[in-house]
Amino acid sequence: MMNRFRLAPRRGFSLVEIMVAMAILGVAFTSIFAMQVRIMARQRRAAAQSARNAVLIAEVGRVESMWYDSLSLLLVTDTISTSPTPSSDRSDKSQTRFVRRFTITDNGATAPTCPTSFPCKDVRVKIVPLFTPSDSVVTVIRRSRTAAFNPLFLP
């Protein structure tokens, strides 16, 4: 005897198909969110390193523009704050704090490291981020005393 009632093809989705699709979407969105978190952390670290490097460049320019005799008086270790954006509305959250440390080594006039016969000093500049001290940067600037009389200064 042949079955007279044929089952009509089912239309739509079954509950199992919906659950599998939701699981796949959940895994995909979780991995995308985890990648976004890592990208944001890397971006914050790069911004902090840019601010640190900008402070270092500013300090190198300041040390290079000082008079030789005033290096020991003007270079002191202190804490400075910088803002990543030049806006007038600065809050403490948008500021980064750095400790700038200076070490002056007087080489004297007869030191073999001085390229001229004039006395020279090595100024070591170290910029230390307050919240991540392991991310500090150091540079050494050699300053030498210039001649008291220079023919180029003549009229």
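Arg-62 is partly exposed in the predicted model, with a relative accessibility of 27%. The side chain of Arg-62 forms a salt bridge with Glu-59, and the closest N and O atoms of the two are 3.0 Å apart. Both residues belong to helix H1, where they are separated by 3 residues, or about one turn of the helix. Glu-59 differs from its partner in burial class: its relative accessibility is 5%, so Glu-59 counts as buried, whereas Arg-62 is partly exposed. Apart from residues up to four places away in sequence, Glu-59 touches Arg-100, Phe-102, Val-125 and Ile-127.

Asp-122 and Arg-142 form another salt bridge, with 2.8 Å between the closest N and O atoms. This pair links distant parts of the chain, as Asp-122 is located in strand E3 and Arg-142 in strand E4, 20 residues apart. Asp-122 has a relative accessible area of 15% and is therefore buried, the limit for this class being under 20%. Arg-142, at 41%, is partly exposed. Salt bridges with shared partners also join Glu-59, Arg-62 and Arg-100 into one network.

A salt bridge is also present between the side chains of Asp-135 and Arg-52, at an N to O distance of 2.9 Å. Here too the pair links distant parts of the chain: Asp-135 is in the loop between strand E3 (120-129) and strand E4 (137-144), Arg-52 is in helix H1, and 83 residues separate them. Arg-52 has a relative accessibility of 9%, so this residue counts as buried. In the whole structure, the search finds 4 salt bridges.

With regard to aromatic side chains, the structure holds 0 aromatic pairs. A charged group is nevertheless placed over a ring: Lys-121 lies over the face of Tyr-68, at 4.9 Å from the ring centre.

A nonpolar patch of about 1,100 Å² is found on the surface. Its members are Phe-13, Leu-15, Ile-18, Met-19, Met-22, Leu-25, Phe-29, Ile-32, Met-35 and Ile-39. One of them, Phe-29, is located in helix H1, which covers residues 15-65. The relative accessible area of Phe-29 is 55%; Phe-29 is therefore exposed, as the class requires a value over 50%. Glu-59 is in helix H1 as well, but with a relative accessible area of 5% Glu-59 is buried. Helix H1 thus contains the exposed Phe-29 and the buried Glu-59.

At the level of the whole chain, the secondary structure consists of 2 helices and 4 strands. Their order from the N terminus is α-α-β-β-β-β. The chain has 155 residues, of which 21% count as buried. Its accessible surface comes to about 12,300 Å², and carbon and sulfur atoms account for 62% of this area. Among contacts in the chain with a separation of 6 or more, 49% are between residues 24 or more positions apart. The salt bridge between Asp-135 and Arg-52 joins residues 83 positions apart, while the one between Arg-62 and Glu-59 is made within helix H1.

Notes:
Residues numbered from 1 in each chain as written. Predicted model: local features only at pLDDT ≥ 70, side-chain atom pairs only at ≥ 80, totals over all residues. Heavy atoms only, no water. Patch = residues over 30% accessible without salt bridge, like charges linked within 9 Å, V, L, I, M, F, W, Y side chains within 5 Å. Areas by Shrake-Rupley, 256 points an atom, 1.4 Å probe, with all protein chains shown as cover. Buried < 20%, exposed > 50% of the residue type's maximum accessible area, 1.4 Å probe, protein only. Contact = heavy atoms within 4.5 Å. Phe/Tyr/Trp six-rings, centres within 6.5 Å; stacked < 30°, edge-to-face > 60°. Lys NZ or Arg CZ within 6 Å of the ring centre and 35° of its normal.
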